[in-house]
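Trainee: I'd like to learn how to read a structure like this one. Could you walk me through it, feature by feature?

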Amino acid sequence: MYSIGIGPSSSHTVGPMRAARLFVEGLQRDGLLGGVARLRVQLFGSLGATGHGHGSEAAVLLGLMGEDPATVDVDGAPARVEQVRAQGRLGVAGGHEVPFGPDDLVMHRRKALPAHPNGMVFTAFGNPDGEPDGEQVVLTERTYYSVGGGFVVDEGAVGAERVVEDATAVPHPFRTGAELLAACEAVGGSVSDVMLANERAWRSEADVREGLLRIWAVMQECVVTGCSTDGVLPGGLKVRRRAPALHRSLSSGAGAADPLHVMDWVNLYALAVNEQNAAGGRVVTAPTNGAAGVVPAVLHYYVRFVAGPAGRSAEQVDDAVVRFLLTAAAIGILIKHGASISGAEMGCQGEVGSASAMAAAALCEVLGGTPQQVENAAEIGVEHHLGLTCDPVGGLVQIPCIERNAIASVKAVNAARLALGGDGVHTVSLDKAIKTMRDTGRDMHVKYKETSRGGLAVNVVEC
């Protein structure tokens, strides 16, 4: 559910980069790379409609060069992409050079592949006889889908969900909220207990802990960088970074007497992350890049304003961070199975709505909530984002995306508090809310699902 990547979009940047790298790895594995004379990449659906603003072209180029979203040099990447554009030559997998110009990457703004809105087709041309001047033929062609959160599947994936399958047997499998609650009852523990037991099917508990604390460290680094980087975001909308000025104001003590002063900090954390994401910086998909600020903002809130004043040791705080991230991931899994975390499928209810539900449930657990209260917190988070459209102005993950993360973070805190105020018994179950999200997403007109052809995207002048 979490991956370290590069902004501004998990489905439009991280996914295409991974798909391009997978294609190149396939060429290497099949012994075809040396015979490739030309490449052609086609992006369809939402990728074609908003790929220009989401950095999809640069992501594809970097992936073809062999880069991975988790390790790519985010500072050096723009210069490498510009070099390809200027020279018209691309070093596939960092070595084998082929010509690559604007006509070799096609963004179909009005065409979509039938299986998923985020479709990509990669084609390699060459001469199988090895003659440099011979007639070029298709050496191989592969279709990939970016299904949300940076996850990529190929044309062999079947079923409407198009999830990344894993046959590993876990001790407490669950696909619904009801099954998750039953698993909690069976182990006599919390949501994070169930998740940890399942994670041990893949890796040791120490490795789980280390990996999650690494995720937390990247989230913290992102906030620090976002709070200290002034300027204007790229893309042409001339959106100013607000996090640095807000950080300076809050750090000076301004407004500390305001009863809602803490919420200003929650807003800050979310703004810092999503401004970094919009600038193509290093972020953690949680569950997507467009919604990357919510989970870190609420976790920062907990660590600074709850765990800190409580006088907990560093180890105790780390324990809570691990439990927080495990619980949030459990809710993300439920939504991914029951609906989708992809804005191109669900609208923003699937991205920011999912993130808010994840953060609400996680906060509820670390504040002492029962599994029933945790499930209630997640349901509140989903329910009150139903119908939320994805209509980024100019195809950029800036307006309304950045502020939307701040609002969703505050809603997550409130959802956890509402759930803790009750006993976990409520009328609308999390499963019903997720099903409603799925149904609403299917009913939603395509122009409101990350195409920039409806809503704010057509009512705000790009200037």
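Mentor: Let's begin with burial: a residue is buried under 20% relative accessible area, exposed over 50%, and partly exposed in between, using a 1.4 Å probe and protein chains only. Helices (H or I, at least four residues) and strands (E, at least two) are DSSP runs, numbered from the N terminus. Keep in mind that this is a predicted model, where local features need pLDDT of at least 70, side-chain atom pairs count only at pLDDT 80 or more, and totals for chains, interfaces and linings use all residues. Residues are numbered from 1 along each chain as its sequence is written, and side-chain values use heavy atoms, with hydrogens and water left out.

Trainee: Then how many residues of strand β6 are buried?

Mentor: In β6 (residues 119-126), 8 of the 8 residues are buried, so the strand is largely enclosed by the rest of the structure. G119, V121, T123 and F125 point one way, while M120, F122, A124 and G126 point the other way, and all are buried.

Trainee: Which strand pairs with β6 over 7 bridges?

Mentor: Two strands pair if DSSP finds at least two bridges between them. Strand β2 (residues 36-43) pairs with β6 over 7 bridges, in the antiparallel sense; there, Q42 stands opposite V121 of β6. Strand β7 (residues 137-148) is also antiparallel to β6, and that pairing has 8 bridges. In β7, Y145 is the bridge partner of G119.

Trainee: Now the empty spaces. What is the difference between a cavity and a pocket?

Mentor: Both come from a 1 Å grid over the protein atoms alone: a cavity is a set of points where a 1.4 Å probe fits but cannot get out, and a pocket is an open set with protein on both sides within 12 Å along at least five of seven lines. Lining residues have an atom within 4 Å of a point. Grid points are joined across faces, edges and corners, and a volume is the space filled by probe spheres set on the points.

Here the structure holds 3 cavities of 30 Å³ or more, and the largest has a volume of about 160 Å³. Its lining has 20 residues, of which G290, E351, C390, V397 and C401 are the closest to the centre. Helices α1 (10-29) and α15 (401-420) each supply at least two residues of that lining.

Trainee: What is that lining like by class?

Mentor: For classes, Ala, Val, Leu, Ile, Met, Phe, Trp, Tyr, Cys and Pro count as nonpolar, Asp, Glu, Lys and Arg as charged, and the others, Gly among them, as polar. The lining of the largest cavity has 8 nonpolar, 8 polar and 4 charged residues. The second largest cavity, with a volume of about 40 Å³, has a lining of 8 nonpolar, no polar and no charged residues. Helix α7 (205-228) gives the most to that lining, 3 residues.

Trainee: And how big is the largest pocket?

Mentor: Its volume is about 1,300 Å³. Among its 33 lining residues, M1, D166, E199, W202 and I333 are the closest to the centre. That lining divides into 17 nonpolar, 8 polar and 8 charged residues. The second largest pocket comes in at about 790 Å³; it is lined by 41 residues, with I6, G7, A279, G280 and G281 nearest its centre.

Trainee: How should I read a nonpolar core?

Mentor: Think of a set of buried Ala, Val, Leu, Ile, Met, Phe, Trp, Tyr and Cys residues joined through side-chain atoms within 4.5 Å. The largest core here has 96 residues, and Y2, F324, L325, I331 and L363 have the most contacts inside it. Helix α11 (314-338) provides the largest share of this core, 13 residues. A second, separate core of 34 residues includes A19, V60, V81 and L90.

Trainee: Last one: is G369 buried or exposed?

Mentor: G369 is buried, with a relative accessible area of 13%. This glycine, G369, is found in the loop between α13 (352-366) and α14 (371-383). Contact means heavy atoms within 4.5 Å; leaving aside neighbours within four places in sequence, G369 is in contact with C364, V374 and L420.
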